[in-house]
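The following exercises concern helix packing, the nonpolar core and the surroundings of selected residues. Each task is followed by a solution in steps.

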Amino acid sequence: EAITAYDQAIKHKPDDAFAWNNKGNVLGELGQYKEAIAAYEQAIQIKPDQHEAWNNKGAALGELGRHEQAIAAFNKAKQLSGK
């Protein structure tokens with residue numbers, strides 16, 4: 001149901017980076033990591049400085065065993081958050 005809700009939000013406002021990020025979170029919780037990464041990438045394309053999407057992308061990449069890419073995403077998130 002949550003995915004459907006985010007799809008509706010995105011349909012009405014396709015440039016809503018937060019909706020894309022949150023859709024990715026739901027997909028990740030369901031174990032659909034490749035789909036989650038695609039949603040995070042949409043969020044990042046819209047709002048490249050959204051450190052939450054970079055962090056979440058890193059987590060999903062890690063779940064898929066793509067550790068070098070995960071570290072790069074985490075580093076980008078850290079850089080953008082200023083921490």
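A crossing of two helices is called left-handed if the near helix is turned anticlockwise from the far one by less than a right angle. The model examined here is predicted.

**Exercise 1.** Determine how α3 and α4 are oriented relative to each other, and which residues form their contact.

*Solution.*
Step 1. Two packed helices are described by the angle between their axes and the distance between the axes.
Step 2. Helix α3 spans residues 33-46 and helix α4 spans residues 51-63; their axes come within 9 Å and cross at roughly 160 degrees.
Step 3. Angles over 145 degrees count as roughly antiparallel, and α3 is therefore roughly antiparallel to α4.
Step 4. The crossing in which α3 passes α4 is left-handed.
Step 5. On the α3 side, the contact involves Tyr33, Ile37, Tyr40, Glu41, Ala43 and Ile44; on the α4 side, it involves Ala53, Trp54, Asn56, Lys57, Ala60, Leu61 and Glu63.
Step 6. Sorted by class, this contact of α3 with α4 comprises 9 nonpolar, 1 polar and 3 charged residues.

**Exercise 2.** Carry out the analysis for α2 and α3, and give the classes of the residues in contact.

*Solution.*
Step 1. The axes of α2 and α3 come within 8 Å, with a crossing angle of roughly 165 degrees.
Step 2. This angle makes α2 and α3 roughly antiparallel to each other.
Step 3. α2 passes α3 in a left-handed crossing.
Step 4. Residues of α2 in the contact include Trp20, Asn21, Lys23 and Leu27, and residues of α3 in it include Tyr33, Ala36, Tyr40 and Ala43.
Step 5. The contact of α2 with α3 divides into 9 nonpolar, 5 polar and 2 charged residues.

**Exercise 3.** Identify the helices that supply the largest nonpolar core, and describe the contacts of Trp54.

*Solution.*
Step 1. The largest nonpolar core has 18 residues, and Trp20, Ala43, Trp54 and Leu61 have the most contacts inside it.
Step 2. At least two residues of this core come from each of α2 (17-29), α3, α4 and α5 (67-81).
Step 3. α3 provides the largest share, 6 residues.
Step 4. Apart from neighbours within four places in sequence, Trp54 is in contact with Ile44, Pro48, Ala73, Lys76, Ala77 and Leu80.

**Exercise 4.** Is Asn21 buried or exposed, and which residues does Asn21 touch?

*Solution.*
Step 1. Asn21 is placed in helix α2.
Step 2. Asn21 counts as buried because its relative accessibility is 5%, where buried means under 20%.
Step 3. Residues up to four places away in sequence not being counted, Asn21 touches Tyr40, Ala43, Gln50, Glu52, Ala53 and Asn56.
Step 4. The C-alpha atoms of Asn21 and Ala36 are separated by 8.4 Å, the two residues being 15 residues apart along the chain.

**Exercise 5.** Locate Ile10 and establish which residues Ile10 touches.

*Solution.*
Step 1. Helix α1 (residues 2-12) contains Ile10.
Step 2. With 9% relative accessibility, Ile10 counts as buried.
Step 3. Leaving out residues up to four places away in sequence, Ile10 touches Ala19, Trp20 and Lys23.
Step 4. Ile10 and Lys23 are 13 residues apart along the chain, and 9.4 Å separates their C-alpha atoms.

Technical notes
Residues are numbered from 1 along each chain as its sequence is written. This is a predicted model: local features need pLDDT of at least 70, side-chain atom pairs count only at pLDDT 80 or more; totals for chains, interfaces and linings use all residues. Side-chain values use heavy atoms; hydrogens and water are left out. Axes are lines fitted to C-alpha atoms, for helices over the stretch in contact, and angles run from 0 to 180 degrees between N-to-C directions. Helices (H or I, at least four residues) and strands (E, at least two) are DSSP runs, numbered from the N terminus. Angles under 35 degrees count as roughly parallel, over 145 as roughly antiparallel, 65 to 115 as roughly perpendicular and the rest as oblique. Contact means heavy atoms within 4.5 Å. Ala, Val, Leu, Ile, Met, Phe, Trp, Tyr, Cys and Pro count as nonpolar, Asp, Glu, Lys and Arg as charged, and the others, Gly among them, as polar. A nonpolar core is a set of buried Ala, Val, Leu, Ile, Met, Phe, Trp, Tyr and Cys residues joined through side-chain atoms within 4.5 Å. Buried means under 20% relative accessible area, exposed over 50%, partly exposed in between (1.4 Å probe, protein chains only).
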